Amino acid sequence: MIIYDKKQHIFQLNTKSTSYMIGITPEGYLGHIYYGERLQHIDGGYLLRMEEYPYTPERNKREKCVFLESFPMELPTGGIGDFRESCLDIRDEHGCLGTEILYKEHRIYSGKTPLEGLPASFVTASQMDTEDAGTAVQTLELICQDRVLGVEVVLSYTAFEREDVITRSVRVHNRGEQTLTIEKIYSACLDMDYEEDYELLTLPGAWARERRIQRRRIGYGRQSAASIRGESGHQEHPFIALVTPGTTQTQGDVYAMHFVYSGNFLGQVEVSQHDMIRMTMGIHSYEFGWKLTPGQSFQAPEVVLTYSSEGLGKMTRSLHDFYREHLIRSRYKNTERPILINNWEATYFDFTTEKLLDIAQTAKDCGIELFVMDDGWFGRRNNDESSLGDWYVNEAKLTGGLKYLVDSINKIGLKFGIWFEPEMISPDSDLFRAHPDWMIQIPGREPTLSRAQGVLDLSNPEVEEYAYESVARILRSAPIMYVKWDMNRQLSDLGSAYLSKEHGRELLRYVLAVYRMQERLIKEFPDLLLENCSGGGGRFDPGMLYYSPQIWCSDDTDAVERLGIQEGTALIYPLSTIGAHVSVCPNHTVGRNTPFVTRGHVALAGTFGYELDVTKLSEEEKALIREQTEMYHTYQLLIRNGDYYRLASYAENHYYDAYMVVSKDQKEALMTFVQVLAEPNRRSRKVHLQGLDPEAVYYCDVTQREYTGEILMKGGMLIGDLWGDAVSRLYHFEKR
C-alpha cells in the first residue's frame with residue numbers, strides 16, 4: 001500500500017481506488033504530487049516543476065521566496081516566504097516567527113499508532129489478525145526537522161485500503177534548548193493546481209437547523225468554514241470538500257477533509273496568484289498558543305481525507321464504513337440499541353416521581369424499552385437559571401430518591417437513563433458560591449452568560465475531577481445504563497484563574513479534559529450507552545463519536561425540518577450515529593403538524609426513540625407506536641450496517657425527499673419516500689434506485705410485484721397514490 005521509490009524520491013500511498021504521492025526535493029522540501037484515482041505505476045516527480053523557474057533553492061537561492069510561495073507543500077510553514085496560509089507557525093524565545101522543516105528520514109509500518117490524549121482512528125487487534133490485514137492498513141511517518149529551532153516534526157499518514165481513506169496528523173518535538181510557542185498548527189494540507197472551477201461544499205447551520213449542505217464557487221483568495229466557540233458548533237462543521245462543477249451523488253470529483261476534534265477549528269481553501277489551490281484543516285489559531293519547553297511534544301488532532309471520482313455518494317459510503325470500522329468503539333456499535341423515550345418535551349422541568357412512572361408504564365405498554373429522565377432532577381433546578389454544578393438529587397421532586405425511581409422503572413420492565421450537563425456552572429448554585437474561580441472568566445470583567453450559565457474551567461485538574469465525580473457518583477448509586485451528556489453554551493471570556501499568564505492561551509486543555517472525562521466514564525462503566533449532545537447538534541463531530549456511538553442530531557424534531565438536517569448529517573456520518581426521535585405535534589420548535597406515520601419513518605433513519613408525553617396520546621397513536629417499535633426491530637440491522645444512498649433532496653427540489661439503505665450483500669433494501677408538498681395534476685414521480693444487484697430480481701412489499709435491479713436503477717421506481725403534505729412511505733425490497 002505504501003511504497004518508497006528511492007531513485008525518484010517519491011512516496012506513494014495506495015487505497016482500493018485512490019493514490020496519494022509525495023516527492024522530496026534535493027534540499028528536503030516535501031511536495032505534494034498527486035491525489036486522485038489509483039495509479040498502477042510510481043511516476044510524476046516532474047509535476048513538482050523543479051526544472052522550471054524559479055527552480056529549487058539549491059539551484060536559485062536568490063528567488064527562494066518565489067519558490068516557497070509557488071511550491072505545492074505537504075505541510076507549509078510560516079514566516080520564511082510562503083505567504084499563503086501556513087500550517088505550522090512557531091515563535092522562538094526572542095519573539096521571532098519562522099519555521100522551515102526539511103525531510104530527515106521516514107518509517108513505514110503496518111497498523112496505526114494511537115494519538116495520546118486524543119480521539120483518533122484505530123486498527124484493532126482482531127482487525128490486524130484478519131487475512132491480508134498487514135496490507136489493509138499501513139502508516140507512513142515523515143520525520144522532518146528545523147535545525148535552527150531544534151524542532152522535529154513528524155507528519156503521519158495512515159492509508160486504510162478498503163475504505164479509501166487516508167488520515168493525517170502532525171506531532172512536534174522540541175529537541176532544542178529554548179522554550180518555543182506553537183502559534184498555529186494544522187493537521188493537513190492539500191496543494192493542487194487549480195485545474196477545475198471547483199466549488200466548496202460545507203455544512204453550515206444554526207441551532208435547530210444544523211448541517212445544511214451548501215455549495216459555492218471558489219474565487220481567488222481564502223474561503224473557509226470555522227468555529228471559535230470552543231466547540232465544533234451549530235454554525236459551521238469541521239468538514240470541507242472540493243467538488244468539480246456538476247458533481248452529483250453518482251458523478252464528479254470530490255476531495256474531502258473531516259477533522260477528528262471537538263473544539264475550535266478552521267477548514268479553508270485558498271486560490272493563489274499562481275493558480276494553485278491550497279486546502280487546509282486544523283485547530284483554529286484564534287486564542288491558541290502552546291508553550292513547548294525543551295523535551296516536550298505536542299500532538300495535533302487527526303484529519304480524515306478521502307477522494308471520490310464517483311460523486312458524493314461514494315464519498316459518503318467511504319466515510320460511513322470508515323467511522324463504523326475505525327472510529328466508533330462502543331460495545332453498542334454492532335448491537336440493537338433500546339428504543340427510548342425522553343421526558344423533556346413531555347414535562348420540561350415540571351415532573352414528579354409519580355408522573356415519570358406513569359409515562360414509563362404507558363411507554364412499556366407501547367413497546368418502548370428505555371426511559372430517560374432529562375433536565376430538572378438535581379439541586380433546585382425548576383428552570384434553566386440555577387443549580388448547574390449541584391449534582392445532588394432534588395428529593396422534593398423525586399420522592400424516595402433516585403434509586404427508588406430507577407428500581408421502580410426497572411420493575412416496570414424498562415431500562416433507565418439520565419441527563420447531565422457536567423461541563424457547566426450556574427452563577428446561582430452552591431458550587432459557584434463556594435468556588436467562583438472555577439468558572440471560565442476574565443478577571444475584573446462581568447462574565448458573559450448564555451442560558452444563564454457559565455462554563456467550568458476544566459483546565460484545572462481539581463475542577464475536572466469534580467465534574468467527573470459528579471457524574472460517576474450518580475451512576476454508581478443506581479443501575480443506570482444510558483447517559484445523555486449535554487453542553488448548552490459556547491466558550492467566551494477566555495480567562496482562567498488556574499492557568500498562568502504564560503499558558504493562558506492553552507484553553508485547548510478544556511477539550512482535552514472533556515476527552516479524558518468521557519474516556520474514564522466509558523472505562524469505569526463499560527456497559528453504559530453514552531449519547532453526546534450540545535443544545536442539539538452543536539458538538540456533533542468525529543471526536544465525540546470516539547466516545548459515544550450516537551449523538552443527538554438536533555433539538556428540532558419536526559419531521560420536515562429533520563429531512564434537511566439528517567440529509568446533511570448522513571452525508572458524512574452513519575445513520576446509526578444520528579439521534580432521531582418522534583415528537584408530538586404541533587411541533588415544539590416550528591409549530592408544524594405532520595402525520596405520526598411520517599414522523600416515525602423519518603426518525604427510523606437514525607437511532608429511533610420518542611420525545612413526548614405518551615400518556616396524552618390517543619389510542620390510535622399508541623397503536624402506531626406499537627407498529628413503529630416493530631418497524632424498528634424489523635429494519636434496525638439493515639439501517640445500522642447497510643450502504644446509504646441519497647436519491648432525491650427536498651432541499652433542492654422543494655417537493656419530495658428520498659433515500660435508501662442497501663445491505664452489504666445486496667439482498668435487501670429499504671427506500672424512504674417523503675412527499676413534503678403535494679401538487680395538483682401530478683403524475684407519479686420516478687425515482688432511480690441505487691446500489692442494487694442489476695442481475696437480481698427484487699420483490700417490493702408495497703407494489704407486491706417483482707423488478708430486476710437493473711430496471712429499478714436505470715428505469716426507475718414509480719411513486720404514486722400519496723395524498724397530502726408531509727406524507728411518507730417505506731418500500732422494502734428483497735432479492736428473490
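Q: Helices are DSSP runs of H or I with at least four residues, strands are DSSP runs of E with at least two, and both are numbered from the N terminus. With that in hand, in which loop does P586 lie?

A: Bear in mind that this is a predicted model. P586 sits in the loop between β30 (582-583) and α13 (596-603). The peptide bond joining C585 and P586 is cis, with omega at about 0°.

Q: Which other residues does a cis peptide bond join?

A: Look at Y53 and P54: a cis peptide bond joins them, and omega is about 10°. P54 belongs to the loop between β4 and α1 (64-68).

Q: Let's go to that β4. In what order do the strands of its open sheet come?

A: The order is β1-β2-β3-β4, four strands with antiparallel pairing. Because β1 (2-5) and β4 (30-37) stand at the edges with a single partner strand each, one side of each has no neighbour in the sheet. From one strand to the next, the twist averages 15°.

Q: How many bridges pair β2 with β3?

A: Five bridges, in the antiparallel sense, between β2 (residues 10-14) and β3 (residues 18-24). To find your register, start from Q12, which stands opposite M21 in β3.

Q: How do I read the faces of a strand, say β36?

A: The general idea is that side chains in a regular strand alternate between the two faces of the sheet. In β36 (residues 697-700), Y698 and C700 point to one face and are buried, while V697 and Y699 point to the other and are not. Buried here means under 20% relative accessible area.

Q: Which strands do bridges join to β36?

A: Take β37 (residues 705-708): four bridges join it to β36, and the two run antiparallel. The bridge partner of Y698 in β37 is Y707. These two strands form a hairpin with four residues between them, and Q704 in the turn has a positive phi of about 55°. Then there's β39 (residues 727-735), also antiparallel to β36, with three bridges. There, Y699 stands opposite E734.

Q: Positive phi again, then: is F608 buried or exposed?

A: F608 is buried, with a relative accessible area of 1%. Its phi is near 75°, a positive value in a residue other than glycine, and you'll find F608 in the loop between α13 and β31 (609-611).

Q: And what is the relative accessible area of A452?

A: It's 25%, which makes A452 partly exposed. Phi of A452 is positive too, near 60°, and again the residue is not glycine. A452 lies in the loop between α8 (430-434) and β25 (454-455).

Key: Residues are numbered from 1 along each chain as its sequence is written. This is a predicted model: local features need pLDDT of at least 70, side-chain atom pairs count only at pLDDT 80 or more; totals for chains, interfaces and linings use all residues. Side-chain values use heavy atoms; hydrogens and water are left out. Two strands pair if DSSP finds at least two bridges between them. Axes are lines fitted to C-alpha atoms, for helices over the stretch in contact, and angles run from 0 to 180 degrees between N-to-C directions. Buried means under 20% relative accessible area, exposed over 50%, partly exposed in between (1.4 Å probe, protein chains only).
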